[in-house]
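Subject: Structure handover

Hello,

The structure I promised is below, together with its sequence. My notes on strands, helices and empty space follow it.

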Amino acid sequence: MIPKEIFEQSIRRYFEPIVPYLEDDSVSEIMINGPNDIWVEISGKLHKTDASFPVEDDLVSGAKNIAQYVGKTLNELNPRMDARLPDGSRVHVVLPPCARNGVTIAIRRFGKFSLTMEKLMGYGSITAVGAKFINICVQMERNLIVAGGTGSGKTSLLNCISTLINPDERILVIEDSSELQLQQPHVVMLEARGPDSKGRGRVEIGDLFHSAMRLRPDRIVIGEIRGGEALSLLQAMTSGHGGSMSTTHATYPDDTLRRLETMAMMSEVEMPLMALRSQVAAAIQMIVQTSRFNDGSRKITHIAECLGLAENGEYKIYPIFEFRHRGYGPEGKVLGQLEPCGNVPTFFDAVLERGLEIDESWFMPQQQERQPRRRR
């Protein structure tokens, strides 16, 4: 493996045209669509740059250099690669002829983690009551999925929610490519690995789940579920490891459950649909949905509780909070906030018994607010 110092020098040499963006903390993503078409994302909005590469070979050499650093293979037979840079930035590469624009690279930059619930409230991404309720869900060890589209801030939000975990707990983190930056003192990081050039040595997320179950976790946190490993996640969540967390791509809470169901069916284990659906319904207890709006802002749009299956076999979604769109302000800024739906969580009494702060009025829309049943 290339030493880190030499690798960093080679990155600056091969990727010289984009070095200023790699060093700019305001840039969250760099998108290279061939040597002469380079875009960056700043504050949630895309901007075309004047940067370009003199020859495409520099891009190819730089991409293969990254592959060598992370121990992966990138060539005509393996034209796609997930990797990361030394600073934790995520890299995805697609080579021609699969990439018709030329060598295509996306670099998602995470920088030093500093997002907190207080900052999310300051950005208008969540209300104070919504933040309190998510904290309660974490303390009550509810299994939680963060869902959203590409670029909606799923990983950052999961990082933020993970800061609410008790620092005394032992946390096992499983990822396909390391992105999470948990701040607790007792964290064990596990990362999947692809095969070498001869097809040997593959370690999949399902394999890491097998190890995680034997490493005495208090909680299991999964970076993102993309395929058949969803079944391993469901089994972990229903095997006594309460408070597990993960992310996935989905637009609405009910889509999240159906997508997990579909991905679990991709595993090698064959299971009747209703049995699988029952497992999804039993495993997932809370869904936190996030979205990127057209003004570039990222907001939590849904916090919902999952109540198992209805008599017709469909998932029962119990909305707790939803984002209410109130139009647009100056410069196209999205107006609105997360508002209660009038549904009290089913575990309300259990929260009171744990001595945690909660009030029934949190969940009542302003026009429906009434005297709370109990308060502490």
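Strand 5 and strand 6 run antiparallel and are joined by five bridges. Within this pairing, His92 stands opposite Ala106 in strand 6. Please keep in mind that this is a predicted model.

Strand 6 is also joined to strand 1, again through five bridges and in antiparallel fashion. Here Ile32 has Ile105 of strand 6 as its bridge partner. Strand 1, residues 27-33, has a further antiparallel connection, to strand 2 (residues 38-42), and five bridges make it. In that case Ile30 is matched with Val40 of strand 2.

These pairings belong to an open sheet of six strands, with antiparallel pairing and the order 3-2-1-6-5-4. Its edges are strand 3 (45-48) and strand 4 (80-84); each has a single partner strand, so one side of each is left without a neighbour in the sheet. On average, and with direction ignored, neighbouring strands of the sheet are turned by 15 degrees against each other. Helix 3 (residues 56-70) packs on this sheet. Strand 1, strand 4, strand 5 (90-94) and strand 6 (104-108) are the strands that helix 3 touches, and its direction makes about 65 degrees with that of strand 4.

Pockets

The largest pocket has a volume of about 1,400 Å³. It is lined by 47 residues, and Ser28, Arg109, Gly153, Ser156 and Arg298 are the closest to its centre. Several elements each supply at least two residues of this lining: strand 1, strand 2, strand 5, strand 6, helix 4 (117-123), helix 6 (154-162) and strand 13 (298-309). Helix 6 gives the most, with five residues. Sorted by class, the lining of the largest pocket holds 21 polar, 14 charged and 12 nonpolar residues.

For the second largest pocket the volume is about 1,100 Å³. Its lining has 38 residues, and those nearest the centre are Asp176, Arg193, Gly194, Arg202 and Glu204. Strand 4, helix 7 (205-212) and helix 8 (230-237) each supply at least two residues of the lining. The largest share comes from helix 7, with five residues. By class, the lining of the second largest pocket divides into 13 charged, 13 polar and 12 nonpolar residues.

Strand 4 thus has two entries in these notes: it stands at an edge of the sheet, and it supplies residues to the lining of the second largest pocket.

Cavities

How many cavities of 30 Å³ or more are there? The count comes to two.

The largest cavity contains about 50 Å³ of space. Glu175, Asp176, Ser177, Glu179, Gly223, Glu224 and Arg226 line it. Five residues of this lining are charged and two are polar, with no nonpolar residue. Asp176, listed here as a lining residue of the largest cavity, is also among the residues nearest the centre of the second largest pocket.

The second largest cavity has a volume of about 30 Å³. Its lining consists of Gly124, Ser125, Ile126, Thr127, Lys299, Ile300, Phe323, Gln337 and Leu338. Strand 13 and strand 15 (334-340) are the elements that give two or more residues to this lining. The lining of the second largest cavity divides into four nonpolar, four polar and one charged. Strand 13 also supplies at least two residues of the lining of the largest pocket.

Helix contact

One helix pair remains. The axes of helix 8 and helix 9 (residues 253-264) come within 7 Å and cross at roughly 115 degrees. Angles of 65 to 115 degrees count as roughly perpendicular, which makes helix 8 roughly perpendicular to helix 9. On the helix 8 side, Ala230, Leu231 and Leu234 make the contact, and on the helix 9 side Leu260, Met263 and Ala264 do. What classes do the residues of this contact fall into? Six are nonpolar, and there are no polar and no charged ones. Helix 8 is also one of the elements that each supply at least two residues of the lining of the second largest pocket.

Regards

Notes: Residues are numbered from 1 along each chain as its sequence is written. This is a predicted model: local features need pLDDT of at least 70, side-chain atom pairs count only at pLDDT 80 or more; totals for chains, interfaces and linings use all residues. Side-chain values use heavy atoms; hydrogens and water are left out. Two strands pair if DSSP finds at least two bridges between them. Helices (H or I, at least four residues) and strands (E, at least two) are DSSP runs, numbered from the N terminus. Axes are lines fitted to C-alpha atoms, for helices over the stretch in contact, and angles run from 0 to 180 degrees between N-to-C directions. Contact means heavy atoms within 4.5 Å. On a 1 Å grid over the protein atoms alone, a cavity is a set of points where a 1.4 Å probe fits but cannot get out, and a pocket is an open set with protein on both sides within 12 Å along at least five of seven lines; lining residues have an atom within 4 Å of a point. Grid points are joined across faces, edges and corners, and a volume is the space filled by probe spheres set on the points. Ala, Val, Leu, Ile, Met, Phe, Trp, Tyr, Cys and Pro count as nonpolar, Asp, Glu, Lys and Arg as charged, and the others, Gly among them, as polar. Angles under 35 degrees count as roughly parallel, over 145 as roughly antiparallel, 65 to 115 as roughly perpendicular and the rest as oblique.
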